[in-house]
Amino acid sequence: MFVSLYSNYRKEISAQYGASFVRKGIFTLVLGLALVGTSKYTVADDIALAYEDKEKLHEIAKAVSAKNIEQDIKTLVSFGTRHTLSETESETRGIGAARRWIKSEFDKISNQCGECLEVFYQSEVISGERRIPNPTEVVSVIAIQRGSTDQDRYVLMSGDIDSRVSDVMDFTSDSPGANDNASGVAGTLEAARVLSQYKFNGSIVYAALAGEEQGLFGGRILAEYAKENNWQLKAVLNNDMIGNIEGINGIVNNTTARIFAEGTRQTETAQQARLRRFTGGEVDSPSRNLARYIDLIADRYIENLDTMVIYRLDRFRRGGHHRPFNDLGFPGVRIMETNEHYDRQHQDLRTENGIVYGDTIDGVNFDYAAKLTSLNAVSLAAMSWAPKPPIEVSISGAVQPSTTLSWSALPKDKNPQLKGYKIYWRYTDAPQWQFSRYVGNVTTATLENIVIDNYFFGVASVSEDGYESPVVYPGAAGAFGE
Ligand SMILES: [Zn+2]
């Protein structure tokens, strides 16, 4: 175990300083400096402390079925089109048939776990919008698996029901949307199948969201619902296109995925921005630390998958359903394939100059979609067994040889599994948390001879059996919400 962790660490160092740097043996020097930096703790101790392998998480990763995902994508494609403005009465074609089938699948899953899911439609009539001019019911399908001790705390996985072709207003042409985004819905259904076999402390939401292509409506409706109902929504894992492994650039690769995460949060006030200028946090929004969390899950639990955390809200000038959640201040990321194929996105089915266009099922790799689904399922499980991410985290230490972090105690009744807290820190240009120290069940801890200026810091909560929350960066910039 240590060997793989050590190589992860080396990979981070290597990513940070470049492979040639490592090859020249300067890696040893960097490691040496790190040892000095952490005083009495060695890097090996830190890494061993930082992580304990969880058998149940391996079990969840393995339980995800590529066959089920293939079957579900086939079914979704069979509705011909899932355009938001398409047919709703037919049982075999259009968005109405598609959402009724998704609802019936969630109901079936719930049935097999003793009605452990609350399944419901969530709808709003939209009109007067550029892409929905006439009154149209936008209907998402939501399933909630209630937590056993902290019901109001949620993590969420989503995919999108709707599909489109070249003309975004064309609601009659065949629009299979196999990868965009039947893959995300199929992954969400499969994660629900697997995770519904377990009981968690926090609640998990599985969302098949509507109206994405017409203007991110389903996400906006659910995000507003979460806000109005005071959901402590700690993570949105939006899955949009998780099955394509052949890029338009000719690369064929099933070993990497992307996690898009915004920088400074959209809800930041001018006053908070001013404070951040002096204390940092530009690269430590809760969405970023959620992305780092998922990135480590990939290294530890998902075989043959390395994720790239991308420091952007989404692809360049493009959108996805995590954004409406980010708009309201909720931590959220987009998980997707690394190599997109634009001939297979938003295209009329046709052959032109020998090129075949269209988002058909032959462009989906089911094993790869299963791998990304495992990544979601394990991340959701780990966060839902962990205590709530630390609240009211603050930091001090200017002109002192030490750094002090403080936070508020988590309520015991809702977090009976809480063992204590762990401080994390890293070099300011390091992509991933590097050093850590478990400090026990306290609400303040001081790192001696660690100068605040030279690192970024955060705190995670840890359960009795070793499940950890994402790392929370101090202050408004990094807060996961109270
Ligand atoms: Zn799309």
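**A buried asparagine and three packed helices**

Let's start with one residue: asparagine 238 has a relative accessibility of 0%, so this residue counts as buried. Keep in mind that you're looking at a predicted model. If you want to find asparagine 238, look in strand β5, which covers residues 232-239.

What does the side chain of asparagine 238 make a polar contact with? Its partner is the side chain of serine 158, at 3.0 Å. That's just part of the surroundings. Leaving aside residues up to four places away in sequence, asparagine 238 touches Ser158, Asp160, Gly320, His321, His322, Val333, Arg334 and Ile335.

Now zoom out to the whole chain. There are 482 residues here, and 60% of them are buried. The secondary structure comes to 12 helices and 16 strands. How about contacts along the sequence? Take the contacts in the chain with a separation of 6 or more: 74% of them are between residues 24 or more positions apart.

Next, the helices. When two helices pack, you describe the pair by the angle between their axes and the distance between those axes. Try that on helix α6 (residues 95-111) and helix α7 (residues 178-195): the angle is about 15 degrees, and the axes lie 9 Å apart. An angle under 35 degrees counts as roughly parallel, and that is why α6 and α7 are described as roughly parallel to each other. The crossing of α6 past α7 is right-handed.

Which residues of α6 and α7 meet? From α6 come Trp101, Ile102, Glu105, Phe106 and Ile109, and from α7 come Val185, Thr188, Leu189, Ala192 and Arg193. Sort the residues in this contact by class and you get 7 nonpolar, 1 polar and 2 charged.

Stay with α7, and follow it to another partner: helix α12, residues 366-385. The axes of α7 and α12 are 9 Å apart, and the two helices pack at an angle of about 45 degrees. α7 is therefore oblique to α12. Here too the crossing is right-handed, with α7 passing α12.

On the α7 side of this contact you'll find Gly187, Glu190, Ala191 and Leu195, and they meet Thr373, Ala377, Leu380 and Ala381 in α12. By class, that gives 5 nonpolar, 2 polar and 1 charged residues.

So, to trace the path once more: α7 packs with α6 at about 15 degrees, and with α12 at about 45 degrees.

Terms used:
Residues are numbered from 1 along each chain as its sequence is written. This is a predicted model: local features need pLDDT of at least 70, side-chain atom pairs count only at pLDDT 80 or more; totals for chains, interfaces and linings use all residues. Side-chain values use heavy atoms; hydrogens and water are left out. Axes are lines fitted to C-alpha atoms, for helices over the stretch in contact, and angles run from 0 to 180 degrees between N-to-C directions. Helices (H or I, at least four residues) and strands (E, at least two) are DSSP runs, numbered from the N terminus. Angles under 35 degrees count as roughly parallel, over 145 as roughly antiparallel, 65 to 115 as roughly perpendicular and the rest as oblique. A crossing is left-handed if the near helix is turned anticlockwise from the far one by less than a right angle, and right-handed if clockwise. Contact means heavy atoms within 4.5 Å. Ala, Val, Leu, Ile, Met, Phe, Trp, Tyr, Cys and Pro count as nonpolar, Asp, Glu, Lys and Arg as charged, and the others, Gly among them, as polar. Buried means under 20% relative accessible area, exposed over 50%, partly exposed in between (1.4 Å probe, protein chains only). A polar contact is a pair of N or O atoms within 3.5 Å; within protein, one must be able to donate a hydrogen and the other to accept it, and residues adjacent in sequence count only if both atoms are side-chain atoms.
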